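Subject: Handing over the structure

Dear colleague,

I am passing on the structure we talked about, together with some notes on what turned up in it. Please keep it open beside you while you read.

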Number of protein chains: 2
Amino acid sequence: MPVNFTESTDLKPIAGVRLNSICAGIKRTDRDDVTLFEFIEGTTFAAVFTKNAFCAAPVEIAKQHLQRANPRFWLINSGNANAGTGETGKDNAKRCCSSVSILGKCEQFQVLPFSTGVIGQPLPIEKIESILPDLLEGLNKQHWLKAARAIMTTDTLSKGVSREIILNGKTVTITGIAKGAGMIRPDMATMLAFIATDAKIETPILQECLKQAVEKSFNRITIDGDTSTNDSCILAATGKSGVFINDENRETFQTTLEEVCIYLAQSIVRDGEGATKFITIEVLKGKTEQECLEVAYTIAHSPLVKTAFFASDANWGRILAAVGRSGVENLDLNAVEIYLNNVCIVRNGGRAIEYTEEQGHQAMSPAEIVVQIYLHRGISNTQVWTCDFSYDYVRINAEYRT
Amino acid sequence: MPVNFTESTDLKPIAGVRLNSICAGIKRTDRDDVTLFEFIEGTTFAAVFTKNAFCAAPVEIAKQHLQRANPRFWLINSGNANAGTGETGKDNAKRCCSSVSILGKCEQFQVLPFSTGVIGQPLPIEKIESILPDLLEGLNKQHWLKAARAIMTTDTLSKGVSREIILNGKTVTITGIAKGAGMIRPDMATMLAFIATDAKIETPILQECLKQAVEKSFNRITIDGDTSTNDSCILAATGKSGVFINDENRETFQTTLEEVCIYLAQSIVRDGEGATKFITIEVLKGKTEQECLEVAYTIAHSPLVKTAFFASDANWGRILAAVGRSGVENLDLNAVEIYLNNVCIVRNGGRAIEYTEEQGHQAMSPAEIVVQIYLHRGISNTQVWTCDFSYDYVRINAEYRT
């Protein structure tokens, strides 16, 4: 069960974007699995892709196509990741783009492919091609929720959000959808996020905005530390609101974009497999943000810390040991303070004098826990979000691929 | 249940070493928990300690004492790690050494303290002091198995081994005992290994021998990636065999020492918490041993790979994705080959053409699995040993500390 999370059904359309989803029967015949986004001419784009050296065919093709021209379409399928499929996989991704381009009257490289699902099986390209005419026929501004549901794989709920702001006296809207974190399940790979706005933004600035927002959101979550082969986040700006983003209004736009990305990123953690707790790890007063991040991720990836969260066990020794092995140079453990939901559990390198196990157990019981680690050696801070490690994580990931 | 592992009861005594274990009731009253080793004068020593910045009081004191003189005694307690105990912890560790030194007629700094067990609770020093006279009284060459059992915490079986070799026409013996890997259980910290030989070796060479052996054994195992606060491995050479280790016979001695360390290290993995499989990960034909290690540990620490091993699921996508995210620069995934128990599952960056799921499931079914990753970009090789990730791992680690 997701942690304090419900589906957002009120997703605002973005002027200049039409979309549609349909069932091609890629893996199941009872749900939509192919989605198409169409963008008005003049739309600008920014994208961030997985750093995994083993990246999927659609990721390679999408990167190539983005180099050549501004896209007109995004084609997304769930049920098959088209990863570990070699040259055939790339040919299949290209052929999908080609088929869309013929029907959609654009160049092949103006279509970006995205895939998510089982690794290592050939993409059933005929199934996808057969539904493309209907998919284009049904393009509609209102289909964001339909799309959010169609890109799901092992997600239990769809993830989407809209934000509106007034800039230069006009309304600017950002709507985004996303799916499943990390390598969630046997052969299921991929975190995908698709975001659009009707603001008008030049490509280099849009790329900067996205990069900065991703750094504060999708790059601050972890379920199990396993970077997927297909991770992609892409942002389109149609310009149809008539609001040009410039030095004056950029900060407001950036803040709102970050809100959207953080909402989507946190949704992914709240719906992480087997998650029973949503955990915020704040590392404070470090020398650099990098060292804060190292400490935060060492804690967030420790199976021992994560099982303690599952058990609501305020096992401060495990947290302190994780801080100790995080590789931060010349760390003075005696300066470290650790708080769980505002209860000080560690001070001066040992259990805080006033701390009782009863307090610790109470602090660990809620479904939302904030862990604060004060390093007390600088002015840098960071935070990451993660979930606990439960029996269900093992169950979900141990089930044979079927 | 440990994986293909039974207790070795035939541990050879080492001339010049006497030992004894006794129950002080530190955590439980039905088992030995304090152990003393006594060494003849002239014994040389080598030691390797945890790199965790949050290291336990006895580790700090043992390091200090080793700087000052060759030890005469090692004092080891289980049931309490004396970690996260601040200045009081160090005072307690020193006081134990002092009490032994008075009874044993040596300097305080000739006693090395070791502790393993619950973190953050004060060491019950009176209990330990009260049994010291009996402990010294009962010192005996034969008590290695008794000691191997007394240093256990959550280990299900004791771990020990002896090897004999003929050097210069005389028998040289090495006997070692060890306990529990990583941060095994709520508040249980520590991998401890105590090894002794009757060979005669100068301190700098002994330290080199141990460092090299540890690099190939204890530094090649992982249960959950959580480095303990108390990890220590110490080696004593009494010289009583009359065999001096020199350039001629050093290689044979080294090989035998490595056999002892590898046996103990593998025992720890075989008895890892919740382990149902013993997994050897070999990374071959890399540019450097370091990059081979990075790949091996990324695989060994991936919760997704470990749950797949538990499920006997030959999920090659997860293994390949772990290779891809291991951070090796300019890695050509198309050159990578992956074998599971000699079945080729991945070639040219995708599923091997001849491979069938049936073969994969068969290769994953035994309790012992060898994973071979060929990087095909150099001549360096390495291997690490790990276990799978089961429901029992979560159960053991989620149980509230009691």
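The notes below go through strands, helices and a few single residues in turn.

Before anything else, please bear in mind that this is a predicted model.

**Strands 3, 8 and 10 of chain A**

A good place to begin is strand 10 of chain A, which covers residues 232–237. Six of the six residues of this strand are buried, so strand 10 of chain A is largely enclosed by the rest of the structure. If you look at its two faces separately, you will find A:Ser232, A:Ile234 and A:Ala236 buried on one side, while A:Cys233, A:Leu235 and A:Ala237 are buried on the other.

Which strands pair with strand 10 of chain A, and in which sense, parallel or antiparallel? Strand 3 of chain A (residues 44–49) runs antiparallel to strand 10 of chain A and is joined to it by six bridges. In this pairing A:Thr44 lies opposite A:Ala237, and A:Phe45 has A:Ala236 as its bridge partner. Strand 8 of chain A (residues 192–197), by contrast, runs parallel to strand 10 of chain A, again with six bridges, and here A:Leu192 faces A:Ser232. As background, strands of a sheet pair through backbone hydrogen bonds, and they may do so in either a parallel or an antiparallel way. Strand 3 of chain A is itself mostly covered, with five of its six residues buried.

**The seven-stranded sheet of chain A**

Chain A also holds an open sheet of seven strands, arranged in the order 9-16-11-15-12-13-14 and with mixed pairing. Strand 9 (221–222) and strand 14 (350–351) of chain A stand at the edges with a single partner strand each, so one side of each has no neighbour in the sheet. Within this sheet order you can find strands 11 and 15 next to each other; strand 11 of chain A (residues 278–286) and strand 15 of chain A (residues 368–374) pair in the parallel sense over seven bridges, and A:Ile279 is placed opposite A:Ile369.

Helix 9 of chain A (residues 316–324) packs on this sheet, where it touches strand 12 (337–340), strand 13 (343–347), strand 14 and strand 15 of chain A. The direction of helix 9 of chain A makes about 55° with that of strand 13 of chain A. How many of the nine residues of helix 9 of chain A are buried? The count is nine of nine, and the buried residues include A:Trp316, A:Arg318 and A:Val323.

**Positive phi angles in loops of chain A**

Two residues of chain A deserve a careful look at their backbone. A:Asn82 has a positive phi of about 45° although it is not a glycine, and its place is in the loop between strand 4 (73–80) and helix 2 (86–104) of chain A. Residues under 20% relative accessible area count as buried, and A:Asn82, at 1% relative accessibility, is therefore buried. A:Ser312, likewise not a glycine, has a positive phi near 55° and belongs to the loop between helix 8 (303–310) and helix 9 of chain A. A:Ser312 counts as buried because its relative accessibility is 11%.

**Helices of chain B**

In chain B, B:Ser312 comes just after helix 8 and takes a positive phi of about 55°. Helix 8 of chain B (residues 303–310) is mostly covered, with seven of its eight residues buried, among them B:Pro303, B:Lys306 and B:Phe309.

Helix 5 (residues 203–216) and helix 6 (residues 250–270) of chain B have axes that come within 9 Å and cross at roughly 45°, and the two helices are therefore oblique to each other. Their crossing is right-handed. On the side of helix 5 of chain B the contact includes B:Ile205, B:Leu210 and B:Lys216, and on the side of helix 6 of chain B it includes B:Phe253, B:Leu257 and B:Ile262. The residues of this contact divide into eight nonpolar, two polar and four charged.

Finally, B:His65 lies in helix 1 of chain B (residues 57–68) and counts as buried because its relative accessibility is 6%. Leaving aside neighbours within four places in sequence, B:His65 is in contact with B:Cys97, B:Gln108, B:Phe109, B:Val111 and B:Leu112. The C-alpha atoms of B:His65 and B:Tyr339, which are 274 residues apart along the chain, are separated by 48 Å.

With best wishes

Terms used
Residues numbered from 1 in each chain as written. Chains lettered and ligands numbered in written order. Predicted model: local features only at pLDDT ≥ 70, side-chain atom pairs only at ≥ 80, totals over all residues. Heavy atoms only, no water. Axes fitted to C-alpha atoms, helices over the stretch in contact; angles between N-to-C directions. Helix = DSSP H or I, 4+ residues; strand = E, 2+ residues; numbered from the N terminus. Parallel < 35°, antiparallel > 145°, perpendicular 65-115°, else oblique. Left-handed = near helix turned anticlockwise from the far one by under 90°. Contact = heavy atoms within 4.5 Å. Nonpolar A, V, L, I, M, F, W, Y, C, P; charged D, E, K, R; others polar. Buried < 20%, exposed > 50% of the residue type's maximum accessible area, 1.4 Å probe, protein only. Pairing = 2+ DSSP bridges.
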